[in-house]
Amino acid sequence: RREGGKAYVRCGSRASSENTVRVGVLGASGYTGSEVLRLLANHPQFGVALLTADRKAGQPIASVFPHLATQKLPDLIAVKDADFSYVDAVFCCLPHGTTQEIIRGLPNHLKIVDLSADFRLRDISEYEEWYGQPHRAPELQKEAIYGLTEILREEIRNARLVANPGCYPTSIQIPLVPLIKAKLIDIKNIIIDAKSGVSGAGRSVKENLLYTEVAEGINSYGVTRHRHVPETEQGLSDAAHSKVTISFTPHLMPMIRGMQSTIYVEMAPGVSTEDLYQQLKRSYENEEFAVLLGNGVVPRTHSVRGTNYCLINVFPDRIPGRAIIISVIDNLVKGASGQALQNLNLMMGFPENLGLHYQSLFP
């Protein structure tokens, strides 16, 4: 319907059931938006009621993502034309720096999972330092809950606004937080070598992401200054109850999706790699998506492709007193849209694994 110059789109048939939670996806034309839609296709309780993409407004989703043509979904509209009275919850998949003002203008009845970085840092001055612009919704920052599901489950369950973690911080914090809390590693000497597929850089056209620039090579980026550093340090510092500073270098790999963090730690006096292994085993033995592999098994990104799993293992370093921890995730699923769905499941009172029973695409 049209009213006051705005075009309102009613929800599709998948969102029309009385018991269905009506979900909107803001920024549905990006990779995280499309991944949310792929996961929602098999969700028994969530129906897609609203899709926005300002630059693609008026188009069917199939014209943007042909692989979604088999789903019955509403057409894309501009955010300004969206009628949120027909929506119960939203995934906000908009770029960093654009999200704060949009979320501030949303109705209070909505449950919101924000996949951008705009609400991840509690200190708004730190946000300005790392993202180069002032925070535009400081009052909402106080309300936002950081959405690392396995670590902050109860806080997420009662939240209205969840700041979904970044991909690198997810792959790092899941293995390190239990070890730091148990005081098994030295928090002053953590070195992280991380690698990501190209999809982590988003869908916008950039020269350094062209096939000829990425294929058959590997390159470091954000050296000493990657924006995920303060987010990671914030979570690790919370676990340690003191300031943690890490040495972190990310690398772009010639693959579409997948992420590996290789973490080098110094163990506390008298601690062995077996102690680290047993602590992780105790921490995650009842978790579905954080999985500690058997002794000696090396995590591979192929093993998590398209899934919400984080696979972890611990190895003794050749240097006495040190250990190597390897963690792998799919950067678009556990590192973004999958964890977002896990969080919204919690926020709506559903089992957190609903819609996430995907096994890895292999080979």
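This text walks through the predicted model of one protein chain, from its overall build to single residues.

Start with the whole chain. The protein chain holds 11 helices and 16 strands. Its radius of gyration is 20 Å, close to the 21 Å that the globule rule gives for 363 residues, so the chain is as compact as a globular protein of that length. Along its principal axes, the C-alpha trace spans about 70 × 45 × 40 Å. Of the 363 residues, 55% count as buried. Now take the contacts in the chain with a separation of 6 or more: residues 24 or more positions apart account for 71% of them.

Next come the sheets. One is an open sheet of 7 strands. Read across it and the order is β5-β4-β3-β6-β7-β9-β8. The pairing in this sheet is parallel. Strands β5 (76-77) and β8 (145-146) stand at its edges. Each has a single partner strand, so one side of each is left without a neighbour in the sheet. Further in, look at β7 (residues 111-114) and β9 (residues 161-163). These two strands pair in the parallel sense over 3 bridges. One point to find on screen is D114, whose bridge partner in β9 is A163.

A record adds a label to this part of the chain. In an unreviewed entry, UniProt lists residues 22-159 as "domain: Semialdehyde dehydrogenase NAD-binding". Over residues 22-159 the chain is 27% helix and 17% strand. The end C-alpha atoms of that stretch are 18 Å apart.

Another open sheet is also built from 7 strands, in the order β11-β12-β10-β13-β16-β15-β14. Here the pairing is mixed. The edge strands are β11 (219-220) and β14, and each pairs on one side only.

Follow β10 (residues 190-196) in this sheet. With β12 (residues 246-252), β10 pairs in the parallel sense over 7 bridges. There, I191 has S247 of β12 as its bridge partner. With β13 (residues 259-266), β10 pairs in the antiparallel sense over 6 bridges. There, S196 has M259 of β13 as its bridge partner. So much for the neighbours of β10; which of its side chains are buried? The side chains alternate along the strand. I190, I192, A194 and S196 point to one face and are buried. I191, D193 and K195 point to the other face and are not buried.

Elsewhere in this sheet, β15 (310-316) and β16 (residues 322-329) pair in the antiparallel sense over 6 bridges. N313 has I326 of β16 as its bridge partner.

Now turn to the aromatic rings. A pair of aromatic rings is described by the distance of the centres and the angle of the planes. A search of the whole structure finds 4 aromatic pairs. One of them is Y127 with Y131, and this pair is stacked: 5.0 Å centre to centre, with 15 degrees between the planes. How are these two placed in helix α4 (residues 124-131)? They are 4 residues apart, so about one helical turn separates them. Both Y127 and Y131 are buried.

Compare the rings of F289 and Y309. Their centres are 5.5 Å apart and their planes are at 55 degrees, so this pair is tilted. F289 lies in the loop between α10 (273-284) and β14 (290-292), while Y309 lies in the loop between β14 and β15, so the pair ties together parts that are 20 residues apart in sequence. Both F289 and Y309 are buried.

Rings also meet charged side chains. The charged end of R225 sits over the ring of W130, 4.0 Å from its centre. R38 lies over the face of Y358, at 4.9 Å from the ring centre.

The last stop is C167. UniProt lists C167 as "active site", again in an unreviewed entry. Find it in helix α7 (residues 167-181). Is C167 buried or exposed? The relative accessible area of C167 is 12%, and the cut-off for buried is under 20%, so C167 is buried. What does C167 touch, leaving aside residues up to four places away in sequence? Its contacts are H228, M259, I329, N331 and G335. One of these may look familiar: M259 is the β13 residue that is the bridge partner of S196.

Terms used: Residues are numbered from 1 along each chain as its sequence is written. This is a predicted model: local features need pLDDT of at least 70, side-chain atom pairs count only at pLDDT 80 or more; totals for chains, interfaces and linings use all residues. Side-chain values use heavy atoms; hydrogens and water are left out. UniProt positions are given in the numbering used here, feature names are shortened, and annotations may be inferred rather than shown by experiment. Buried means under 20% relative accessible area, exposed over 50%, partly exposed in between (1.4 Å probe, protein chains only). Two strands pair if DSSP finds at least two bridges between them. Rings of Phe, Tyr and Trp (its six-membered ring) pair if their centres lie within 6.5 Å; planes under 30 degrees apart count as stacked, over 60 as edge-to-face and the rest as tilted. A charge sits over a ring if NZ of Lys or CZ of Arg is within 6 Å of the ring centre and within 35 degrees of the ring normal. The radius of gyration is taken over C-alpha atoms; the globule rule is 2.2 Å times the number of residues to the power 0.38. Contact means heavy atoms within 4.5 Å.
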